Amino acid sequence: MKFSLRQIASILHAEIEGDPNLEIHTFASIEEGFPGAITFLGNEKYTPFIYQTRASAVIVDKDFLPNGKIQATLLKVDDPYTAVALLLEQVNKLKVSQKVGIEEPSQIHSSVRMGQNVFIGSFAYLDKDIVIGDEVKIYPNVYIGEGSEIGDNTIIFPNVTIYHGTKIGNNCIIHAGSCIGSDGFGFAPQEDGSFKKIPQTGTVVLEDGVELGANTCIDRATFGQTIIRQGAKLDNLVQLAHNVEIGKNTVIAAQTGIAGSTKLGANCMVGGQVGIVGHLEIADRSMIDAQSGVNKSIKESGKAFRGSPIQPHRQQLKSELLFRKLEEMYNKIRDLEDQIQNLGS
Amino acid sequence: MKFSLRQIASILHAEIEGDPNLEIHTFASIEEGFPGAITFLGNEKYTPFIYQTRASAVIVDKDFLPNGKIQATLLKVDDPYTAVALLLEQVNKLKVSQKVGIEEPSQIHSSVRMGQNVFIGSFAYLDKDIVIGDEVKIYPNVYIGEGSEIGDNTIIFPNVTIYHGTKIGNNCIIHAGSCIGSDGFGFAPQEDGSFKKIPQTGTVVLEDGVELGANTCIDRATFGQTIIRQGAKLDNLVQLAHNVEIGKNTVIAAQTGIAGSTKLGANCMVGGQVGIVGHLEIADRSMIDAQSGVNKSIKESGKAFRGSPIQPHRQQLKSELLFRKLEEMYNKIRDLEDQIQNLGS
Amino acid sequence: MKFSLRQIASILHAEIEGDPNLEIHTFASIEEGFPGAITFLGNEKYTPFIYQTRASAVIVDKDFLPNGKIQATLLKVDDPYTAVALLLEQVNKLKVSQKVGIEEPSQIHSSVRMGQNVFIGSFAYLDKDIVIGDEVKIYPNVYIGEGSEIGDNTIIFPNVTIYHGTKIGNNCIIHAGSCIGSDGFGFAPQEDGSFKKIPQTGTVVLEDGVELGANTCIDRATFGQTIIRQGAKLDNLVQLAHNVEIGKNTVIAAQTGIAGSTKLGANCMVGGQVGIVGHLEIADRSMIDAQSGVNKSIKESGKAFRGSPIQPHRQQLKSELLFRKLEEMYNKIRDLEDQIQNLGS
């Protein structure tokens with residue numbers, strides 16, 4: 001990669017403050033910047049580094065007001081994160097080969113309906129009655145069960161397992177090792193203490209623009225559907241049980257688990273390692289901090305929660321603060337008891 | 001699928017209350033029922049829906065007493081969950097193709113002993129001295145290491161890795177992406193701060209009727225065996241360390257982790273995201289709530305625990321309640337101090 | 001396996017106390033020992049078993065002083081754990097076949113540079129411009145993306161996915177199902193509530209001697225590198241987000257997750273199911289108990305922490321103790337209020 005800052009500014013519709021002729025070879029983080037690198041300021045925690053960075057250029061918010069001398073050329077944009085995303089897209093296109101075609105050996109049932117410009121890697125297995133859209137990329141060692149559908153432009157990375165009857169929309173990304181459509185965890189207890197498996201006959205639906213991280217697990221519904229709605233993003237090692245529903249544009253960080261039949265609304269933000277018990281409804285735009293345990297439905301939208309079990313965010317922070325003062329509280333109670341003892345005598 | 005309610009009642013040994021001639025095409029949840037669908041009432045939380053459901057039929061406990069008008073035909077059975085399991089089994093048989101035979105290319109060592117009516121998918125790899133029972137299904141992209149044994153009727157879904165020397169019983173189900181027999185996490189600290197690997201030379205044994213969820217990990221023993229006893233069920237993304245033992249019919253929900261050499265008794269119920277430290281013994285029929293941290297052995301059987309670290313269930317609920325009242329308690333202590341100050345003066 | 005104790009003592013540089021002519025056939029744990037087995041005493045919790053074990057021999061610390069009669073022959077060594085590691089290495093060499101060569105069908109791009117004595121299993125996929133060192137073992141169904149490098153003696157177990165541009169050092173072990181180099185979880189929020197993917201253009205570097213457990217996920221950097229330094233050991237189902245750095249010889253137990261850009265120092269010990277938020281720095285030799293939540297940087301090295309959010313270890317234990325006494329504290333406050341009420345009247 002080799003761009004002038006003028007070229008980059010043109011791609012990003014950015015205003016240049018400084019030398020537009022500098023050449024950029026690579027990206028760097030703001031604290032590790034060096035000549036020839038472009039970086040960005042997206043998180044105000046990193047603002048002090050802008051006065052020290054040796055990067056040639058920094059992408060900043062158009063409202064950024066420096067309170068010191070900055071060596072780097074500034075590129076002022078409406079939204080630094082989106083600008084970086086745009087720029088990295090250009091870079092990525094140069095970096096990774098774009099594959100098309102069907103590699104051998106692969107196992108593709110004669111009934112599979114294949115779109116245009118598809119890539120199917122070696123050792124991929126496509127069972128019968130599958131429909132594959134245009135520009136789909138299916139990497140090596142992927143398994144797709146019968147009757148599944150994969151929409152246009154979707155990318156499925158290696159070693160993913162997609163069980164039968166799964167529907168995946170357009171523009172989805174499924175990272176390596178994820179499992180979609182495995183059986184929900186349902187067993188009927190028997191009198192002798194053993195369990196009889198409840199067959200899981202439903203399916204999984206991923207709407208358009210969904211991204212799943214690596215080694216994430218989405219169970220099929222007992223009957224009906226487990227659904228992830230449009231634009232939702234799930235990180236690595238996330239667990240969705242049978243009949244869960246994830247709302248549009250909801251984002252779930254790594255290692256979170258959601259138990260059966262719980263429905264999350266749209267635009268929720270769920271931190272990592274959160275647990276949500278089954279059969280709940282979580283309102284739109286709920287924010288759940290990492291490691292929280294959600295044990296009841298959230299009815300009002302746009303609220304923040306924290307703790308296990310959850311409390312409203314601010315209240316939980318107070319409880320946590322006083323948890324750290326429990327010894328002080330305990331000692332005060334003892335002192336009070338002594339004082340009252342003395343007063344009474 | 002298309003059954004009359006009379007046919008279904010006959011399969012389930014159910015008593016019909018209502019029209020036995022209705023035709024059933026599909027399953028639905030009770031809150032989403034529609035004409036032509038059959039549903040069930042298994043969790044009393046859903047009882048209100050039985051008076052509203054548009055489903056044609058509802059499977060209910062034979063002791064269910066309605067306290068309102070129900071449109072749907074009722075099928076009364078001893079145990080609704082088991083009835084649903086039976087019915088879904090029939091449905092599943094119609095839905096998924098039953099494969100038999102060995103697909104090519106697959107890699108099967110000449111020394112493998114293969115039972116009757118086995119399915120081996122493409123890109124499966126069976127190393128030497130493996131024994132495969134009758135009616136076993138091994139899906140594509142599965143790896144099985146040398147000397148392993150797979151019992152009759154066991155199903156191994158795609159992308160599973162079974163390391164050498166693993167013994168899996170009859171009627172087991174291993175979901176996609178699970179790893180059985182990876183090295184236990186054992187290292188001897190050295191004087192220079194580095195770690196020397198302790199080779200893990202033991203094995204893993206799964207007795208009959210065990211089910212493992214997707215992307216679950218079972219480490220091999222350092223020496224001896226990691227054992228999952230008959231009928232135990234593990235959900236997705238569960239971690240069992242070396243030399244763990246899981247008792248008969250014990251059920252473990254998703255993302256739970258159990259450290260080395262801990263032994264769980266029979267018929268335990270372990271929630272999701274639980275952590276259990278190493279070298280403990282957990283009595284039969286223990287119940288551990290989700291997200292708990294178990295840091296000591298449980299000696300009395302049939303008790304319920306919760307919290308991190310665990311307390312008896314009821315006591316933990318009280319602590320949790322008062323945790324949410326810590327600010328109130330703190331303020332009361334301050335008030336008391338003020339009052340005593342005033343009394344003393 | 002069949003060794004005399006004299007042979008074993010010679011391998012371990014051990015001092016024999018008892019009969020050196022006993023024959024050893026196998027390993028066993030100290031509580032399950034039997035004649036013909038050798039065991040060891042590494043954890044003082046197990047000391048009582050040394051007086052009961054039926055094992056023929058026990059490896060003990062040279063400073064071990066028995067306070068009762070021991071039947072078994074003792075092998076006294078500097079460090080029992082390291083001695084066991086050495087001995088198990090001998091055993092393992094006899095147990096598992098050592099494979100060399102390239103199995104077919106596998107997919108190896110013509111540009112791959114292959115070292116000496118390499119094993120490549122069937123259905124492995126090596127994309128272009130990959131460099132494979134000497135004595136490397138790549139098991140079946142592994143995928144390695146273009147431009148990756150694998151150092152000498154490294155072992156990659158089945159169903160592992162290594163994305164493009166990953167660098168793995170010498171003497172590493174990657175257990176089955178792990179994913180290295182999947183996209184970091186980065187999205188730029190848009191005004192309509194949707195998210196724009198921030199392409200992840202960086203890489204992952206594993207230095208020499210790193211071990212990753214099964215189904216562990218290491219995300220590639222947004223730009224720059226996600227790094228695991230020399231000798232670090234990660235257990236199963238661990239999650240490292242983009243741009244994380246793990247210091248030399250740091251050990252991380254199963255199901256722990258570390259958010260973006262956090263840097264752990266050298267020789268840290270991190271328990272299972274720990275969560276560490278992003279953009280932190282954790283000092284060398286920090287010790288973090290299982291299930292902790294780390295929400296701030298740790299500046300002083302060698303300290304122990306516990307809890308979510310963390311406190312210094314000892315202080316957290318006090319808080320936990322008093323958490324279990326909250327009901328008692330609450331009742332005392334109420335009593336004090338009553339007594340003051342009475343005093344005042």
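Which strand do two bridges join to β4(A), and is the pairing parallel or antiparallel? I looked: the partner is β5 of chain A, residues 37-40, and the two run parallel.

**Ground rules.** I'm working on a predicted model, where local features need pLDDT of at least 70, side-chain atom pairs count only at pLDDT 80 or more, and totals for chains, interfaces and linings use all residues. Residues are numbered from 1 along each chain as its sequence is written, chains are lettered from A and ligands numbered from 1 in the order in which they are written, and side-chain values use heavy atoms, with hydrogens and water left out.

**Domains and copies.** I pulled the domain assignment for chain A: domain 1 is 3-97 and domain 2 is 101-317 (bounds from an automatic or database assignment). Their C-alpha centres lie 35 Å apart. Next I checked chain A against chain B: a turn of 120° with a shift of 0.0 Å along the axis lays one on the other at an RMSD of 0.1 Å (least squares on C-alpha atoms of residues with pLDDT of at least 70 in both). That is how a three-fold axis relates copies.

**Sheet in chain A.** Back to β4(A). I found an open, mixed sheet of five strands, ordered β2-β7-β6-β5-β4 (strands are DSSP runs of E, at least two residues, and helices runs of H or I, at least four, numbered from the N terminus; a pair needs at least two DSSP bridges). β2 (15-17) and β4 (26-27) are the edges with a single partner strand each, so one side of each has no neighbour in the sheet. In the β4-β5 pair, Thr26(A) sits opposite Ala37(A).

**Helices on it.** α1(A), residues 5-12, packs on the sheet and touches β2, β5, β6 (57-61) and β7 (73-77), at about 10° to the direction of β7(A) (contact is heavy atoms within 4.5 Å; axes are lines fitted to C-alpha atoms, for helices over the stretch in contact, and angles run from 0 to 180 degrees between N-to-C directions). α2(A), residues 80-95, touches β4, β5, β6 and β7, at about 140° to β6(A).

I then looked at the helix pair: α1(A) and α2(A) pack at about 115°, axes 10 Å apart. Ile8(A), Ile11(A) and Leu12(A) of α1(A) meet Ala83(A), Leu86(A), Leu87(A) and Gln90(A) of α2(A). I count six nonpolar, one polar and no charged residues there (Ala, Val, Leu, Ile, Met, Phe, Trp, Tyr, Cys and Pro are nonpolar; Asp, Glu, Lys and Arg charged; the others, Gly among them, polar).

**Chain C.** Last lookup: β17(C), 155-156, and β20(C), 173-174, pair parallel over two bridges, with Ile156(C) opposite Ile174(C).
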